Amino acid sequence: MASTTPPMNPSGSGMHVAKPAPPKAAPRAKPLPNAQPAVAKPLPDGQQAMAAKSAQAAEAPAEDEEAEPVSGGPSRFLMFKAVPSWFVSMVVHAILLLILAVLTLPEQIKDVAKVLTIGKEAAIEEIEDFQLEEVTPLDVEAVTTDPVAVVASAVEVPVTEVSVANDLDAAPVQVELSDFGSQTAPKNDLLKEIGAMGGSGLDGRGAAARGQLVRQNGGSEGSEAAVAAALKWFAEHQNPDGSWSFDHRIGPCQGRCDHQGSMDGRNGATAMALLPFLGAGQTHMEGTYKKTVQGGLYYLMTHGKVKNGGLSFEEAGGSMYSHGLCSIVLCEAYAMTHDKGLMMPAQGCINFIVYAQDPVGGGWRYQPRTPGDTSVVGWQLMAMKSAHMAYLMVPPNSVKGASKFLDAVQADSGAYYGYTGPGNGLATTAVGLLCRMYLGWKKDEPALERGVQFLSAKGPSKSNMYFNYYATQVMRHYEGETWDKWNVQIRDWLVESQSKAGHATGSWHIPGDHGSERGGRVYCTSMATMILEVYYRHMPIYGKAAATEDFPL
């Protein structure tokens with residue numbers, strides 16, 4: 001069977017158009033006889049020819065079925081004859097495509113326009129809807145970082161701010177100090193084996209060891225009873241805010257004790273009251289007076305001032321004396337308890353001592369960074385020794401500076417010491433010799449032997465408690481016959497001179513030296529109590545485990 005599929009359009013449009021079959025020719029009409037053509041207006045040659053043909057066709061007999069019909073005239077006939085069929089097909093298809101385009105394009109344009117419009121509106125809407133939301137700040141309570149840490153369990157006492165003023169104005173030289181951090185004391189108590197401030201540890205302050213050390217080293221029941229009475233007197237004269245005052249009448253005493261001090265230095269007075277408690281093994285964690293000690297420590301740690309990379313306890317009445325005393329308290333309390341709440345305050349005290357040191361002569365005095373004197377140097381060096389044995393950081397250069405200062409004020413190769421230059425004062429010689437012991441002088445050092453004999457020949461003073469405090473420690477660490485002789489004299493005199501009546505029971509007032517007059521009963525009682533604690537307060541420097549653990553030089 002022949003295929004009926006029309007051929008592919010030559011235009012290549014892909015559309016198949018069927019070619020129409022030619023119409024069946026009608027019978028040609030026969031001409032009529034004697035028919036005359038109609039007279040008409042003359043026509044152009046081409047039109048005349050066409051008219052003639054039309055006339056001939058009209059004359060053809062109607063019954064001639066073979067005659068071709070006139071279907072478009074000569075022009076159309078000529079066009080189809082002259083133009084190829086593929087061209088005609090192409091034109092027809094082009095026309096059809098144009099018609100289709102005209103019919104469909106407006107709708108497509110509308111659709112495209114609609115799509116574009118919707119896309120634009122969506123984009124605009126999306127941009128308009130995207131807004132930066134305001135971030136509500138977190139409700140975080142502001143925290144002020146204070147390097148003065150509060151004791152682990154804070155005592156509930158009101159804090160009274162004390163306004164102080166500097167009585168000496170010195171322009172400290174600003175220097176850069178290298179950073180030195182703090183370390184937590186190890187869990188094993190190395191203080192039992194190596195030297196602490198002035199000794200081989202603080203282990204003697206424990207209740208178990210204290211009784212034995214009292215018997216072995218020259219104490220007595222009377223001396224221990226005097227210590228107990230003194231601690232009771234201090235507890236009864238503590239201010240409600242945890243502090244003590246040299247004018248002890250302003251607290252609970254209400255003037256019932258006489259011989260008050262005149263010095264304005266509450267930090268120093270609080271430190272001097274706390275040192276006897278710590279010397280007897282009383283801390284804020286254990287002991288009969290733990291609440292008392294806790295209140296005193298709380299007061300100190302809330303009244304130190306951040307200054308020059310450290311924590312300062314300077315004040316008008318005491319200046320660097322007060323700072324040295326407070327530093328010893330915090331370092332000892334930390335060494336005895338390993339309470340991490342005390343670590344940063346104790347280290348801060350040492351940091352300020354390092355800053356306050358005279359950068360030229362290596363000493364300390366009332367104001368930071370001024371040429372030193374032996375008296376102030378003694379308290380700062382004792383504080384650094386306590387810190388070193390409590391595993392706090394003490395720069396070796398500061399220790400070397402202290403040795404440099406002692407070299408500048410010594411006489412007779414170090415057997416005697418002056419105040420700001422070479423000399424042989426009683427109190428300054430006792431301070432200088434004790435510092436040399438801390439700094440590593442051996443017991444057989446010839447200058448140390450000569451100095452000890454000098455102090456022994458003078459004997460305890462009945463009017464200078466400052467001298468008695470330092471000289472008693474020198475004799476205790478040196479031991480031997482000189483200590484035995486010294487101990488009996490100082491021990492019995494203090495036990496007998498302690499107040500035993502009224503509200504002043506348990507305290508001392510020893511008139512004579514400058515400190516006793518300005519510090520009053522608080523000062524005298526503190527010095528006397530620490531002297532009577534010398535049997536266990538600091539283990540002997542030259543004991544079996546002692547003299548090898550010196551400052552890092």
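**Contacts, core and salt bridges in the predicted model**

Leaving out residues up to four places away in sequence, Gly362 touches Gln357, Gly401, Ala402 and Phe405. The model is a predicted one, and Gly362 lies in its loop between helix 9 (340-356) and helix 10 (374-389). With a relative accessibility of 5%, Gly362 counts as buried. The C-alpha atoms of Gly362 and Leu406 are 8.8 Å apart in space, while the two residues are separated by 44 residues in sequence.

A second glycine, Gly265, is found in the loop between helix 5 and helix 6. Gly265 is also buried, at 4% relative accessibility. When neighbours within four places in sequence are set aside, Gly265 is in contact with Phe246 and Glu315. From Gly265 to Phe246 the C-alpha distance is 7.2 Å, against a sequence separation of 19 residues.

The chain as a whole contains 17 helices and four strands. Of its 553 residues, 47% are buried. Among contacts with a separation of 6 or more, 73% are between residues 24 or more positions apart. The accessible surface of the chain is about 28,800 Å², and carbon and sulfur atoms account for 57% of that area.

In soluble globular proteins, nonpolar side chains tend to be buried together. Here the largest nonpolar core has 114 residues. The members that touch the most other members are Trp364, Trp379, Leu455, Tyr470, Leu494, Trp508 and Met527. For Trp364, the contacts beyond four places in sequence include Met320, Ile353, Ala356 and Gln357. Others in the set contacted by Trp364 are Gly372, Asp373, Val376, Val377, Gln380, Met384, Ser398 and Ala402. Ala402 and Gln357 are thus in contact with Trp364 and are also touched by Gly362.

Nonpolar side chains also occur at the surface. Trp86, Phe87, Met90, Val91, Val92, Ile95, Leu96 and Ile99 make a nonpolar surface patch of about 650 Å². Met90, one of these residues, is placed in helix 3 (residues 85-129). Its relative accessible area is 31%, so Met90 is classed as partly exposed.

Helix 4 (residues 207-217) has four buried residues listed, namely Arg210, Leu213, Val214 and Asn217. These residues lie on the same side of helix 4, because the arc they cover around the axis is only 105°. Ala208, Arg215 and Gln216, on the other side of helix 4, are exposed. The cover over the buried residues of helix 4 includes helix 5 (221-236), helix 14 (465-478), helix 15 (480-497) and helix 17 (534-537). Gly218 follows helix 4 and has a positive phi, near 110°.

Side chains of opposite charge can pair when their charged atoms come close. The count of salt bridges in the model is 13. One of them joins Asp241 to Arg266, with the closest N and O atoms 3.4 Å apart. Asp241 is in the loop between helix 5 and helix 6 (266-279), and Arg266 is in helix 6, so this pair ties together parts that are 25 residues apart in sequence. Asp241 and Arg266 are both buried.

Another salt bridge is formed by Asp412 and Arg450, where the closest N and O atoms are 3.1 Å apart. Asp412 belongs to the loop between strand 3 (410-411) and strand 4 (416-417), whereas Arg450 belongs to helix 13 (residues 446-458), so the parts tied together are 38 residues apart in sequence. Asp412 is partly exposed, with a relative accessible area of 39%. Arg450 is likewise partly exposed, its relative accessible area being 32%.

The side chains of Arg491 and Asp492 also meet in a salt bridge, at 2.9 Å from N to O. Asp492 counts as partly exposed at 31% relative accessibility, while Arg491 is buried with a relative accessible area of 15%. In addition, Arg205, Glu332 and Arg537 are joined into one network by salt bridges that share partners.

Methods. Residues numbered from 1 in each chain as written. Predicted model: local features only at pLDDT ≥ 70, side-chain atom pairs only at ≥ 80, totals over all residues. Heavy atoms only, no water. Core = buried A, V, L, I, M, F, W, Y, C linked by side-chain atoms within 4.5 Å. Buried < 20%, exposed > 50% of the residue type's maximum accessible area, 1.4 Å probe, protein only. Contact = heavy atoms within 4.5 Å. Patch = residues over 30% accessible without salt bridge, like charges linked within 9 Å, V, L, I, M, F, W, Y side chains within 5 Å. Areas by Shrake-Rupley, 256 points an atom, 1.4 Å probe, with all protein chains shown as cover. Salt bridge = Lys/Arg side-chain N within 4 Å of Asp/Glu carboxyl O. Helix = DSSP H or I, 4+ residues; strand = E, 2+ residues; numbered from the N terminus. Arc of directions from axis to C-beta.
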